[in-house]
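Student: I'd like to go through this one term by term. Can we start once it's on screen?

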4 protein chains.
Amino acid sequence: MRTGLWLIGARGSVAVTSMVGALAIRAGLAAPTGCVLETPELRHDALPGIGDLVFGGHDISSTPLDKKAAALAEAGVVPERLASAVQDALLGIEQDVRPLPVTATQGETARAVAADLDRFRARHDLDRVVVINVSTTEPAPSPHPAHADLDALRSALDGPDPVLPPSALAAYAALSAGCPYVDFTPSTGARLPALDALAREKGLPYGGHDGKTGETLVKSVLAPMFAQRNLRVRTWSGINLLGGGDGANLAEPAANAAKAASKQRVLPGTLGYVPEGDTRIDFVADLDDFKTAWDLVTFEGFLGTRMRVEFTWHGCDSALAAPLILDLARLTAAAHRAGRTGPLTELAFFFKDPLGEVPHALAEQWRVLRAAVDSYASTTR
Amino acid sequence: MRTGLWLIGARGSVAVTSMVGALAIRAGLAAPTGCVLETPELRHDALPGIGDLVFGGHDISSTPLDKKAAALAEAGVVPERLASAVQDALLGIEQDVRPLPVTATQGETARAVAADLDRFRARHDLDRVVVINVSTTEPAPSPHPAHADLDALRSALDGPDPVLPPSALAAYAALSAGCPYVDFTPSTGARLPALDALAREKGLPYGGHDGKTGETLVKSVLAPMFAQRNLRVRTWSGINLLGGGDGANLAEPAANAAKAASKQRVLPGTLGYVPEGDTRIDFVADLDDFKTAWDLVTFEGFLGTRMRVEFTWHGCDSALAAPLILDLARLTAAAHRAGRTGPLTELAFFFKDPLGEVPHALAEQWRVLRAAVDSYASTTR
Amino acid sequence: MRTGLWLIGARGSVAVTSMVGALAIRAGLAAPTGCVLETPELRHDALPGIGDLVFGGHDISSTPLDKKAAALAEAGVVPERLASAVQDALLGIEQDVRPLPVTATQGETARAVAADLDRFRARHDLDRVVVINVSTTEPAPSPHPAHADLDALRSALDGPDPVLPPSALAAYAALSAGCPYVDFTPSTGARLPALDALAREKGLPYGGHDGKTGETLVKSVLAPMFAQRNLRVRTWSGINLLGGGDGANLAEPAANAAKAASKQRVLPGTLGYVPEGDTRIDFVADLDDFKTAWDLVTFEGFLGTRMRVEFTWHGCDSALAAPLILDLARLTAAAHRAGRTGPLTELAFFFKDPLGEVPHALAEQWRVLRAAVDSYASTTR
Amino acid sequence: MRTGLWLIGARGSVAVTSMVGALAIRAGLAAPTGCVLETPELRHDALPGIGDLVFGGHDISSTPLDKKAAALAEAGVVPERLASAVQDALLGIEQDVRPLPVTATQGETARAVAADLDRFRARHDLDRVVVINVSTTEPAPSPHPAHADLDALRSALDGPDPVLPPSALAAYAALSAGCPYVDFTPSTGARLPALDALAREKGLPYGGHDGKTGETLVKSVLAPMFAQRNLRVRTWSGINLLGGGDGANLAEPAANAAKAASKQRVLPGTLGYVPEGDTRIDFVADLDDFKTAWDLVTFEGFLGTRMRVEFTWHGCDSALAAPLILDLARLTAAAHRAGRTGPLTELAFFFKDPLGEVPHALAEQWRVLRAAVDSYASTTR
Ligand SMILES: NC(=O)c1ccc[n+]([C@@H]2O[C@H](COP(=O)([O-])OP(=O)(O)OC[C@H]3O[C@@H](n4cnc5c(N)ncnc54)[C@H](O)[C@@H]3O)[C@@H](O)[C@H]2O)c1
Ligand SMILES: NC(=O)c1ccc[n+]([C@@H]2O[C@H](COP(=O)([O-])OP(=O)(O)OC[C@H]3O[C@@H](n4cnc5c(N)ncnc54)[C@H](O)[C@@H]3O)[C@@H](O)[C@H]2O)c1
Ligand SMILES: NC(=O)c1ccc[n+]([C@@H]2O[C@H](COP(=O)([O-])OP(=O)(O)OC[C@H]3O[C@@H](n4cnc5c(N)ncnc54)[C@H](O)[C@@H]3O)[C@@H](O)[C@H]2O)c1
Ligand SMILES: NC(=O)c1ccc[n+]([C@@H]2O[C@H](COP(=O)([O-])OP(=O)(O)OC[C@H]3O[C@@H](n4cnc5c(N)ncnc54)[C@H](O)[C@@H]3O)[C@@H](O)[C@H]2O)c1
Ligand code: NA
Ligand code: NA
């Protein structure tokens, strides 16, 4: 199954780390550590392989992929030797990474994006193309009536004023071109009633939001522990210190608020109540792509005794995200092939703020994912 | 269902905290925080209630229960006002807490223990008595051929030399008296082939070992997270600082070794391999019943990137253990009533070193437990 | 030397903890742990003793002192048994804790405050009265030309509009009444040119600002370590989680900003440069008077190697502050007796944001303090 | 002032890191971060410069220096580019790094070592040679009467049985050859009455023991903070996780005990009493040269309130030690030139377990060091 993976934000850290990794794994230079589909429980021959993925994408930046790979190596995100080894292969991808089209109306932009997707599919003779958004997190968009109605949206897009934030426009274009769409960012993406309607009209699945790679991942296993042990969480406070391009952007209050909200959702979802406390995000440029998160949880046990647990997570964000991008591409392709349409709630395992009414405990999400993989693997249209 | 709860080590911290709590809950003075059977998912009218439990036990100490309760209040384990409120009720339990019989042979001791259990059942007109071992952790016992053979054991017990460590003798006596037996300590207890045979002969269930109340609990949710995300744990090291009676005993190298081994089992059980690193236990008298555990986990992600998480757990051991004692008594009684015999592998959720071939991930253990509760609740002999 | 200690904010946590403590120490019920003047190096018979302190003060709240003491006991700040033991003695102080006068102009208020101070001095036949501000932290005040000129200030105070924030008005009144003044809060207090002029005119000393009781204290010993070892601090980020009355107030952005700025000053002062990173203050009501602060320091060593240290401080703010209030009262009284006037730069040891050009390393501040104590003790007017 | 720096253990991590660093600094490729003598307060033209140091040494290993440098680069201790840049210069040092002489008696060995030192001095026309021991930590030696008497020692060394542990033999040889000697390890070295006598006879200074580079460094600033604030430390417990050659050796119980004892001395020295708690050292090979230490301090404040601070130190041991080796060589050469003889108590700043009756607070040690540097710089024989 030849599968296209079209990345919105293809020159960013997550995107390029995923390319370097896929190329290195394909060349036998690296193991697929961090790829969920390579665990014994989820490995399936019927899924597209990492080696079946063909990369392309849009970006507003023009930094060459190999330059970015070298910068990632310098920052310790990928090993120097792998960045060098895949340099030629990255040059091969360059031709499929295109500047984001700039046109007079959002409707035209959408058609230009869809045309890029069609050309990509044709050139590489792909069975399908999955579009994944790994571009800069947007601020929450202003509401607009056309967000709720597909026909209204179609007309509005050809008007002079922008109607959709960039992520939603990308989702619109992808779905219009017959491509399943996944939002790895907390941005709006396909999360609008009009786009849900479009996905269903086209018989396409979509997924999101906001890859779960650090503090929220830990939360999604610790919070159920408290619930299952009937220990009452009184406060849960945390701070995330991060640098990198993503960090710089999240220093903007609006983007920060979107992300912080996304990070807290796991608590009511697993505990059944909202403990006191907030999650902060602070930009510390010098930390680069390595993030340090600290959380303090205070809880109450038998007869009211007060106790506490704190943890410090020190992770490399792009290294944690990149293998999930490969997983999501493979899963979404398989879901599409299996005929799944609408929101892929079975992918909640991957997201901080998953679509739909889904379990928030990681273990539950894992079971749901496992069942989905079995069903994708056994269904072929 | 009037259920006896006979505690070996009835004057210890865990035992007395569980008594104070049960009495306070019964009197409406405290909520059953920390009691797993009081979560919405596990609450069942068909299980014996906390109010149905009747306490008794053996100990080698003669400290009055109310003195111990006052000491626990002084140490911040139970609130002063609850210790005072249940003082009279504790005096009522005194008559059922008896000195451990001392006799010429282990066989005679077992018969004396069994006689105490019979008298307890009769006096309170109990449907059944569950025996739970919350006494001091023993060193690992010397092997003896009679451990593997029930007939050999029966003869050996009447010989002049001790054959069984105290915990196994307690299990032998309990089972002989028709009582289900649970080992909350890491000691041998019922974990000998001869005692398994005895349980089956008598049609009795038994459970254990070693209540999971702190660092290992956190391990049992964090380790599966790494496995499910295909992140390779390279090292997992930890230290437990604890005071209290249990801490003093664990400062003995032999007991310490037993406990530390028990604490590490969760890693191979969930990861499928053994990462480097050890778990230390250090006695720090001044910390009293409050334990601080610190763990460092280093792991490897995509393309070999090194990352780390560390956590500090600051818990009150007896406050964490006591509600589980109430749960175990209720569950084991229900299992017995439902006709379960042999090792209660479905109770793995509660133990660091559970009996049988069972899942080590907390979430899996929770599902198994939930199914068991449903089955106990629906089955009545 | 009978010394009055007049507290602005006399019904607050810090104030009442210092009263309970002084009374308990005087009664031989507690040791003076946390009192710097009771270390072997600083103990001097020539200083006023803890037992020589006579308490009084102003507050806008009317909660009785013994009620507040009971609440502090409930929260674990002071032991229940001490709060009970000093209950009568607290009632004795009640008559000297007066509502803050409310009048038509700030000038009148100042005169009413001064009159209260005079009455207090007379009633108890005191050698001197030290005024210490432990009231709620104010937002930074609007600038006013009269702040820089004592004559202009005197006229402006009798105008209809408020010129000074409450802390500065308190300082004005105290100095006018011949009382040395100390600001334990980050508020303006005596830190205005016009008030400095007043202090010099009256021959009075004053001290401040912002008691150093937690994270900044640790910073003031860790930062010099990096400097002396020639290790380059790259980032220093932190978060303070605190509840209590002070926490609630600091949740206000303006007060928070004042406090956070005050907390960061130690870094340039000891390192000689400003590393990246911020200090956050978050209000978490449930933590009450117990504050948890977490700091991450990343630094660079030989040949650029990156390293890090993180610390978690879990302290009881009022318990840390109260003994320093006793120290400051005794020191300021001794300084006054010894003829010191103007800013007491020798008290930098006690403050986050000390007055004057002073060392920021705790060890240096300690040496300066020690020399000052020797000089106070040897000088008597 | 051309100064020889003769390293016992010249092929180890600390030694080779110090060589790479000195060569890189000399070549203008790196800044002297971590070198204490390069702080503004201690920089002095009268001290030998880093560029004046000429390297040589003994080792029992034969790994080439550039191979070791490459391994250190691989492990992230030194940057790859610096290891490459100084490769040729390292080859130049090779000829001066000699196998440890193996002879029939310890006396002969000492003479062979001394002859190596003489040749080294002559070949490079050095003003003086400082010998620093950075070899593997030894177990504590068996006592021997000759340790206390120089004449007895001289005769015993020519007997058939070994009298001295290797570090003390190295010290004996160095002093016999007229070279000042410094022990960076916790081993015996010059710390024997007979060797003190030898140093005085020869008019030589010596220094030690056990470089202070991590947890103990932090202790030496935190402990004085508690003392100066009159806060009572109740427990101080810690664990050090370390890999590397040094870690492997410290996994041996005897060496571990020597090190752990050395690490705890700072507490009584600064607090005036010994709090409860121990310091553990655990070998975790995978951590390599990066050490993680965690400490928990519980303390008591005003009226007995319990509080706590914990810290995690994540440092690269060789990167922390290497610049101190350069400092110690320069300081000891200057001390020698200035005519200092006997134990260099003024170097306590550098050591966990300093010689003599010295302050244990880092700030005090720094002041003593500063005065010493001034005095060395102003004195020239
Ligand atoms: N790394 C993680 O762990 C993680 C987890 C969850 C979510 N995310 C999200 O993934 C996204 C990417 O993270 P990153 O670290 O790679 O960030 P990055 O800044 O390195 O890359 C973002 C890229 O998007 C490009 N871009 C910006 N606007 C665009 C547009 N309108 N169209 C196309 N390209 C555009 C930028 O030029 C840049 O190359 C962020 O939104 C981040 O919040 C990352
Ligand atoms: N508290 C926890 O979180 C936890 C978790 C897992 C296991 N455990 C285990 O529970 C046990 C009890 O812990 P604790 O804190 O209450 O200890 P404890 O020291 O307070 O109490 C133990 C009691 O057992 C009694 N005892 C000793 N030997 C006996 C014997 N042969 N027969 C009868 N009684 C005997 C002692 O006199 C004492 O009263 C320990 O083995 C501990 O390891 C506790
Ligand atoms: N506790 C610490 O460790 C610490 C350290 C540094 C600074 N401080 C400062 O000390 C102050 C007191 O802290 P707290 O925890 O006792 O707070 P708190 O809220 O318990 O007490 C403040 C008291 O001041 C009174 N008050 C408010 N405005 C007043 C006014 N205009 N005149 C007179 N009284 C007034 C309030 O009614 C209250 O009783 C705060 O400003 C805090 O920032 C405390
Ligand atoms: N790195 C630090 O932060 C630090 C701090 C304090 C003390 N130390 C001490 O410094 C020493 C060196 O540490 P390292 O990390 O470089 O260790 P290492 O194992 O890398 O190097 C030790 C070297 O000594 C050599 N050696 C062993 N026995 C010898 C002998 N008898 N004569 C000559 N050479 C011998 C070994 O072959 C090896 O090359 C250790 O004793 C360590 O405890 C290091
Ligand atoms: Na930590
Ligand atoms: Na911590």
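Student: Why is A:Glu310 called buried?

Tutor: Buried means under 20% relative accessible area (over 50% is exposed, in between is partly exposed; 1.4 Å probe, protein chains only). A:Glu310 has 7%, so it counts as buried. D:Glu310 also comes out at 7%, so that residue is buried too.

Tutor: Some ground rules: this is a predicted model, where local features need pLDDT of at least 70, side-chain atom pairs count only at pLDDT 80 or more, and totals for chains, interfaces and linings use all residues. Residues are numbered from 1 along each chain as its sequence is written, chains are lettered from A and ligands numbered from 1 in the order written, and side-chain values use heavy atoms, without hydrogens and water.

Student: What makes A:Glu310 and D:Glu310 donors of the sodium ion (ligand 6)?

Tutor: For Na, donors are N, O and S atoms within 3.2 Å of the metal; water is not among the atoms, so sites may look incomplete. The OE atoms of A:Glu310 and D:Glu310 lie 2.7 Å from ligand 6, and they qualify. That pair crosses from chain A to chain D.

Student: What makes the approach of B:Asp59 to ligand 2 a polar contact?

Tutor: Here a polar contact is a pair of N or O atoms within 3.5 Å. A side-chain N or O atom of B:Asp59 sits 2.6 Å from an oxygen atom of ligand 2, and that fits. B:Thr213 qualifies as well, with a polar side-chain atom 2.8 Å from a ligand 2 oxygen.

Student: How do you know that ligand 2 lies between domains?

Tutor: Domain bounds come from an automatic or database assignment. Domain 1 (3-210 + 319-378) and domain 2 (215-315) of chain B both give residues to its shell, so ligand 2 lies between them.

Methods
Polar contact = N/O pair within 3.5 Å; in protein donor to acceptor, adjacent residues only side chain to side chain. Donors = N, O, S within 2.8 Å, 3.2 Å for Na, K, Ca; no water. Helix = DSSP H or I, 4+ residues; strand = E, 2+ residues; numbered from the N terminus.
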